[in-house]
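Me: I'm new to reading protein structures and I'd like to understand where the words come from. Could we go through this one together, term by term?

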Amino acid sequence: MPPDPAAGRSPAGGEHPHATLLRALYADMTLLARYAANDIRLHSHGTAPLLAGTWTGRDAVLTRQAALWAAAPGTLRLVPHRISADDSFGTVIGRLTAHRDGHRLDTDICGVWRFTGGRPAEHWEHCADWAAADRFFAEVPAPPAAPAETVVVIAVFTTDPRRRRDLLDDLAALTDRVVRHAPGFLTADILPSPDGRSVAIHAHWTNTHAADAAMHLPDAQAFHQRIGAYATFDRRYYHPAAHLSFRASGASRSAGTSAASPPVPSPEAPA
């Protein structure tokens with residue numbers, strides 16, 4: 001488990017907490033959502049849209065990182081060979097490999113990190129073969145700078161009633177360990193049907209791109225492969241058209257919805 005950013009330095013002879021945190025991040029980049037500073041900055045110096053520029057703020061950085069993983073679904077690997085860190089900086093030397101549409105990327109990388117208050121506050125990406133990385137990611141667009149309107153994702157999973165408990169446990173673990181840490185995630189409800197044959201997930205995201213990118217994260221794909229062994233599912237996107245809340249005085253329509261538009265009830269977000 002990564003160290004608490006507020007914790008002090010490791011005892012003499014032990015690994016510096018920043019090195020321990022970097023080791024955990026390169027094993028599971030979704031942890032960046034938990035440990036990164038709110039104003040973290042990421043710098044990349046390639047020419048492909050996904051590798052060129054500076055991203056500022058935790059949501060922007062996480063969205064970009066998710067897009068990077070989504071560009072090579074299930075195949076992108078960052079393997080650290082040497083990690084060192086002190087109170088202010090950390091470096092990770094390793095290897096990046098990925099496969100996509102018959103193309104292969106295999107290059108040495110060096111990540112430099114600056115820490116503030118025990119949290120990653122800035123990151124510089126360096127690649128031994130920028131030309132190869134740019135060719136590999138050339139056709140992948142950069143994530144949008146600003147989110148689009150809120151999107152609702154409804155996924156319905158169907159299984160044998162005898163596996164309902166397994167399905168509920170796996171969906172709860174997927175949501176808790178992966179989905180809720182992904183950039184753009186807002187809320188989610190897990191809703192089992194009374195007959196035990198299906199379970200629905202009703203989730204709110206800041207935009208469609210974020211919801212798509214989260215599903216391509218390696219940990220999310222691992223859960224979907226596991227669930228796919230005993231359940232089928234249908235996943236669809238919806239944009240809220242109206243909101244109804246029922247009070248003592250009757251139904252109240254959200255402002256901005258025309259009277260000509262039929263109301264689309266949606267459950268209140270959990271507290």
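Reply: Gladly! Let's start with one pair: Val92 stands opposite Gly111 in strand 5. Keep in mind that this is a predicted model.

Me: What makes strand 4 and strand 5 a pair, and in which sense do they run?

Reply: Two strands count as paired when there are at least two bridges between them. Strand 4 and strand 5 have twelve bridges and run in the antiparallel sense, so they meet the rule. The two strands also form a hairpin with two residues between them, and Asp101 in the turn has a positive phi of about 50 degrees.

Me: How many bridges join strand 3 to strand 4?

Reply: Eight bridges link strand 3 and strand 4, and these strands are antiparallel too. Here the bridge partner of Arg77 is Thr97 in strand 4, and Pro80 stands opposite Gly94. This connection is also a hairpin, made through three residues.

Me: Which strands are the edge strands of the open sheet with the order 2-1-6-5-4-3?

Reply: That sheet has six strands and mixed pairing. Its edge strands are strand 2 (52-56) and strand 3 (77-85), each of which pairs on one side only. Ignoring direction, neighbouring strands are turned by 15 degrees against each other on average.

Me: Which strands does helix 4 lie across?

Reply: Helix 4 lies across strand 1, strand 4, strand 5 and strand 6, at about 105 degrees to strand 5. Helix 3 lies across strand 1, strand 2, strand 3 and strand 6, and makes about 45 degrees with strand 1.

Me: Why is Ser44 called buried?

Reply: The cut-off for buried is under 20% relative accessible area. Ser44 has 4% relative accessibility, so it counts as buried. This serine is found in strand 1 (residues 41-45). Apart from residues up to four places away in sequence, Ser44 touches Leu51, Ala52, Gly53, Trp55, Arg64, Glu125 and Trp130.

Me: What makes the link between the side chains of Ser44 and Glu125 a polar contact?

Reply: A pair of N or O atoms has to lie within 3.5 Å, with one able to donate a hydrogen and the other able to accept it. The side chains of Ser44 and Glu125 are joined at 2.9 Å, so the distance fits the limit. A polar atom of the Ser44 side chain also lies 2.8 Å from the backbone oxygen of Leu51.

Me: Which residues of helix 4 are buried?

Reply: In helix 4 (residues 130-137), they are Ala132, Ala133, Asp134, Phe136 and Phe137. Their cover includes helix 3 (58-70), strand 4 (89-100), strand 5 (103-116) and strand 6 (119-127).

Me: How do you know that Asp134 has no salt bridge?

Reply: A salt bridge needs a side-chain nitrogen of Lys or Arg within 4 Å of a carboxyl oxygen of Asp or Glu. For Asp134, the nearest side chain of opposite charge is Arg135, 8.1 Å away, so the condition is not met. The Asp134 side chain does reach the backbone nitrogen of Ala48 at 3.1 Å. Leaving aside neighbours within four places in sequence, Asp134 is in contact with Gly46, Thr47, Ala48 and Leu51.

Me: Why do strand 8 and strand 10 each have one side left without a neighbour in the sheet?

Reply: This sheet is open, with four strands in the order 8-9-7-10 and antiparallel pairing. Strand 8 (185-192) and strand 10 stand at its edges with a single partner strand each, so one side of each has no neighbour in the sheet. From one strand to the next, the twist averages 15 degrees. Helix 5 (residues 164-177) packs on the sheet, where it touches strand 7, strand 8, strand 9 and strand 10, and its direction makes about 175 degrees with that of strand 8.

Me: How many bridges hold the pairing of strand 7 and strand 9?

Reply: There are eight bridges, in the antiparallel sense. Phe157 stands opposite Val199 in strand 9.

Me: And how many helices and strands does the protein have?

Reply: Seven helices and twelve strands. Of the 271 residues, 45% count as buried.

Key
Residues numbered from 1 in each chain as written. Predicted model: local features only at pLDDT ≥ 70, side-chain atom pairs only at ≥ 80, totals over all residues. Heavy atoms only, no water. Buried < 20%, exposed > 50% of the residue type's maximum accessible area, 1.4 Å probe, protein only. Contact = heavy atoms within 4.5 Å. Lys, Arg positive; Asp, Glu negative; His and termini not counted. Axes fitted to C-alpha atoms, helices over the stretch in contact; angles between N-to-C directions.
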